[in-house]
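Dear colleague,

Please find below the structure that I am handing over to you. My findings follow directly after it.

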Amino acid sequence: WKSLHWMVLERGERVHVWDVEGKKYFDFLSAYSAVNQGHCHPAILKALVEQSSTLSLTSRAFHNNVLGEYEEYITNMFGYDKVLPMNTGVEG
């Protein structure tokens, strides 16, 4: 087993990453599942730009205009009667 800590990555696109010397690799780790969809996925980038140009983030201390719609959708999808959308910081 050889440690990958010697690699210094500069950019990524879909399933590939490039190091600072321009060498191309497959990203089999996918940031431990944080980027299973691939790096710089066009649909995700489009949604990110659209949403962040309106409102980047709301704290759980506030509601926003789409929270209720999301809560109804996700509880119906999973058959739950309530949901607490959040992350704890350990997901990554």
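I begin with a residue in a loop: Cys40 is situated between H1 and H2. Please bear in mind throughout that this is a predicted model. Cys40 is not a glycine, yet its phi is positive, at about 55°. With a relative accessibility of 45%, Cys40 falls into the partly exposed class. As general background, most residues other than glycine have a negative phi.

Arg14 is another residue of this kind, having a positive phi of about 55° without being a glycine. Its place is the loop that connects S1 and S2. Arg14 also counts as partly exposed, because its relative accessibility is 41%, and the limits of that class are 20% and 50%.

Confidence and overall form

The mean pLDDT of the chain is 87, and 91% of the residues reach at least 70. Which helix has the lowest confidence in the chain, and which the highest? The lowest mean, 75, belongs to helix H1 (residues 30-33), whereas H3 has the highest, at 95. In general, predicted coordinates should not be read in detail where pLDDT is low.

The chain contains 3 helices and 3 strands. Read from the N terminus, their order is β-β-β-α-α-α. The radius of gyration is 18 Å, well over the 12 Å given by the globule rule for 92 residues, so the chain is more spread out than a compact globule. The C-alpha trace spans about 50 × 30 × 25 Å along its principal axes. Of the 92 residues, 16% count as buried.

The strands

Strand S2 (residues 16-19) pairs with both of the other strands discussed here. Strand S1 (residues 9-13) is antiparallel to S2, with 4 bridges between the two. Within this pairing, Leu9 has Asp19 of S2 as its bridge partner, and Glu13 is opposite His16 of S2. The two strands make a hairpin with 2 residues between them, and the turn includes Arg14, the residue with the positive phi of about 55°.

S2 is also joined to strand S3 (residues 24-26), by 3 bridges and again in the antiparallel sense. His16 stands opposite Phe26 in S3, in addition to its position opposite Glu13. S2 and S3 likewise make a hairpin, here with 4 residues between them; the turn holds Gly22, whose phi is positive at about 90°.

Is S2 covered or open on its two faces? Both faces are covered: His16 and Trp18 are buried on one side, as are Val17 and Asp19 on the other. This arrangement can be read against a general rule, namely that side chains in a regular strand alternate between the two faces of the sheet.

Salt bridges

How many salt bridges does a search of the whole structure find? The search returns 2. In general terms, side chains of opposite charge can pair when their charged atoms come close.

One salt bridge links Glu13 and Arg11, with 3.9 Å between the closest N and O atoms. This distance lies within the 4 Å cut-off, so the pair is counted as a salt bridge. Glu13 is partly exposed, at 44% relative accessibility, and Arg11 is also partly exposed, at 43%.

The other links Glu50 and Lys46, whose closest N and O atoms are 2.8 Å apart. Both residues belong to helix H2 (residues 42-52) and are separated by 4 residues, about one turn of the helix. Glu50 counts as partly exposed, with a relative accessible area of 44%. Lys46, in contrast, counts as exposed because its relative accessibility of 53% is over the limit of 50%.

A nonpolar surface patch

Finally, Tyr73, Met77, Phe78 and Tyr80 make up a nonpolar patch on the surface, and their accessible area together is about 500 Å². Phe78 is part of helix H3 (residues 67-78), the helix with the highest confidence in the chain, at 95. Phe78 is partly exposed, its relative accessible area being 49%. That value is over the 30% required of patch residues, so Phe78 meets the accessibility condition for the patch.

Yours sincerely

Key
Residues are numbered from 1 along each chain as its sequence is written. This is a predicted model: local features need pLDDT of at least 70, side-chain atom pairs count only at pLDDT 80 or more; totals for chains, interfaces and linings use all residues. Side-chain values use heavy atoms; hydrogens and water are left out. Patches are made of residues with over 30% relative accessible area and no salt bridge: like charges are joined within 9 Å, nonpolar side chains (Val, Leu, Ile, Met, Phe, Trp, Tyr) within 5 Å. Accessible areas come from the Shrake-Rupley method with a 1.4 Å probe; for residues, only the protein chains shown count as cover. A salt bridge is a side-chain nitrogen of Lys or Arg within 4 Å of a carboxyl oxygen of Asp or Glu. Buried means under 20% relative accessible area, exposed over 50%, partly exposed in between (1.4 Å probe, protein chains only). pLDDT is the predictor's confidence in each residue, from 0 to 100. Two strands pair if DSSP finds at least two bridges between them. The radius of gyration is taken over C-alpha atoms; the globule rule is 2.2 Å times the number of residues to the power 0.38.
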